[in-house]
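Biologist: Please take a single part of this model, go through it closely, and then place it in its surroundings. I would like one connected account that I can follow with the structure open.

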Amino acid sequence: MNERLLPTPSHTIGPFYGHALPFPGGGAIAPEGHPDTITLHGHVFDGAGVPIPDALLDFWQAAPDGSLTGAPGSLRRDPSTGGFLGRNGVDFTGFGRVATDADGHYALRTLPPGNTGLPYISVCVFARGLTHHLFTRAYLADGADPLLDALPAERRATLVAAEDALRTYRFDIRLQGEGETVFLEFQ
């Protein structure tokens with residue numbers, strides 16, 4: 001029988017996922033103590049500018065050498081107990097998952113992406129009230145880029161992280177309203 005199934009309607013994706021999807025060390029992509037470590041941090045805001053305390057962010061990026069393979073094993077399990085062992089602290093996976101805290105803040109410790117062109121980190125946002133997750137990019141520099149060049153200056157600025165001191169970048173995500181972050185559509 002070759003029956004075609006119809007799609008079901010979308011449902012809000014949170015906040016219940018916050019109990020099962022985050023894992024300890026999810027924001028520690030860079031191996032512990034690596035000298036090239038950078039920090040990407042910021043807040044996730046709703047349309048009224050209120051911080052969202054239960055958003056979940058997935059991050060993907062190229063390794064410093066530009067490769068996209070990453071090492072497997074962001075989530076290692078203890079073979080005897082099935083419990084969480086954490087990352088091995090040596091391999092760069094290129095993937096991170098971070099929940100926002102009670103103030104809507106997140107922090108990711110990683111290595112500078114070595115992709116071709118401007119360095120960026122891909123971000124996927126899950127939050128209550130959204131029927132679909134949202135995709136965006138956090139560029140760590142401003143300059144010539146096909147995506148950025150296609151945007152007006154005020155919209156472009158929503159994709160460029162502000163460089164702070166000590167290899168730290170601030171990237172706030174605004175889901176709606178004034179200063180709304182540019183979100184990408186994939187087909």
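Modeller: What follows is a close look at one sheet, then at the core, and then at some individual residues elsewhere in the chain.

The model is a predicted one, and the values below are computed from it. As a frame for the sheet, the protein has two helices and nine strands, and from the N terminus on these elements run β-β-β-β-β-β-α-α-β-β-β. Of the 187 residues, 38% are buried, and the accessible surface comes to about 10500 Å², with 56% of it belonging to carbon and sulfur atoms. Taking the contacts between residues at least 6 apart in sequence, 67% join residues at least 24 apart.

The part I have chosen is an open sheet of four strands, which has the order E3-E2-E5-E6 and antiparallel pairing. Its edges are formed by strand E3, residues 95-99, and strand E6, residues 134-139, each of which pairs on one side only. On average, and with direction ignored, neighbouring strands of this sheet are turned by 25 degrees against each other. As background, strands of a sheet pair through backbone hydrogen bonds, in either a parallel or an antiparallel way.

Going through the sheet from the E3 edge, E2 and E3 run antiparallel and are joined by five bridges. On its other side, E2 pairs with E5, again in the antiparallel sense and over five bridges. Phe59 is a convenient residue to follow here, since it stands opposite Gly96 in E3 and also opposite Val123 in E5. The sheet then continues from E5, residues 120-126, to E6, a pair that is antiparallel over six bridges, and within it Tyr120 has Tyr139 of E6 as its bridge partner.

How much of E2 is buried? Four of its five residues are, so E2 is largely enclosed by the rest of the structure.

The edge strand E3 holds Arg97, whose side chain is joined to that of Asp58 by a polar contact of 2.7 Å. Not counting residues up to four places away in sequence, Arg97 touches Leu56 and Leu57 as well as Asp58, and its contacts also include Leu21, Pro22, Phe23, Gly26 and Gly27.

The same region can be read again through its nonpolar side chains. In general, nonpolar side chains of soluble globular proteins tend to be buried together. Here the largest nonpolar core has 27 residues, and those with the most contacts inside it are Leu40, Val44, Leu57, Phe59, Tyr106 and Ile173. The elements that give two or more residues to this core are strand E1 (38-45), strand E2 (56-60), strand E4 (105-110) and E5. Apart from this core lies another, of six residues, which include Leu118, Tyr139, Leu159 and Leu184. Tyr139 of that second core is the residue already met as the bridge partner of Tyr120. Returning to Ile173, and leaving aside its neighbours within four places in sequence, one finds it in contact with His43, Val44, Phe45, Leu57, Val123, Val125, Thr181 and Phe183.

Ahead of E1 in the chain is the segment that holds Ala28. Is Ala28 buried or exposed? With a relative accessibility of 19%, Ala28 counts as buried, because the cut-off for that class is under 20%. Its C-alpha atom lies 9.5 Å from that of Thr39, a residue eleven places away in sequence.

Helix H2, residues 153-156, offers a second arginine to look at, Arg156. This residue is buried, at a relative accessible area of 15%. A polar atom of the Arg156 side chain lies 2.4 Å from the backbone oxygen of Gly143, and a polar contact of 3.2 Å joins the side chains of Arg156 and Asp149. Among the residues more than four places away in sequence that Arg156 touches are Asp142, Ala144 and Leu148.

Finally, the loop between strand E7 (162-163) and strand E8 (168-170) contains Leu166, and Arg167 has its place in the loop between E7 and E8 too. Most residues other than glycine have a negative phi. Leu166, however, has a positive phi of about 60 degrees, and Arg167 likewise has a positive phi of about 60 degrees. Leu166 counts as exposed at 80% relative accessibility, whereas Arg167 is partly exposed, with a relative accessible area of 38%.

Methods: Residues are numbered from 1 along each chain as its sequence is written. This is a predicted model: local features need pLDDT of at least 70, side-chain atom pairs count only at pLDDT 80 or more; totals for chains, interfaces and linings use all residues. Side-chain values use heavy atoms; hydrogens and water are left out. Two strands pair if DSSP finds at least two bridges between them. Axes are lines fitted to C-alpha atoms, for helices over the stretch in contact, and angles run from 0 to 180 degrees between N-to-C directions. Buried means under 20% relative accessible area, exposed over 50%, partly exposed in between (1.4 Å probe, protein chains only). Contact means heavy atoms within 4.5 Å. Accessible areas come from the Shrake-Rupley method with a 1.4 Å probe; for residues, only the protein chains shown count as cover. A polar contact is a pair of N or O atoms within 3.5 Å; within protein, one must be able to donate a hydrogen and the other to accept it, and residues adjacent in sequence count only if both atoms are side-chain atoms. A nonpolar core is a set of buried Ala, Val, Leu, Ile, Met, Phe, Trp, Tyr and Cys residues joined through side-chain atoms within 4.5 Å.
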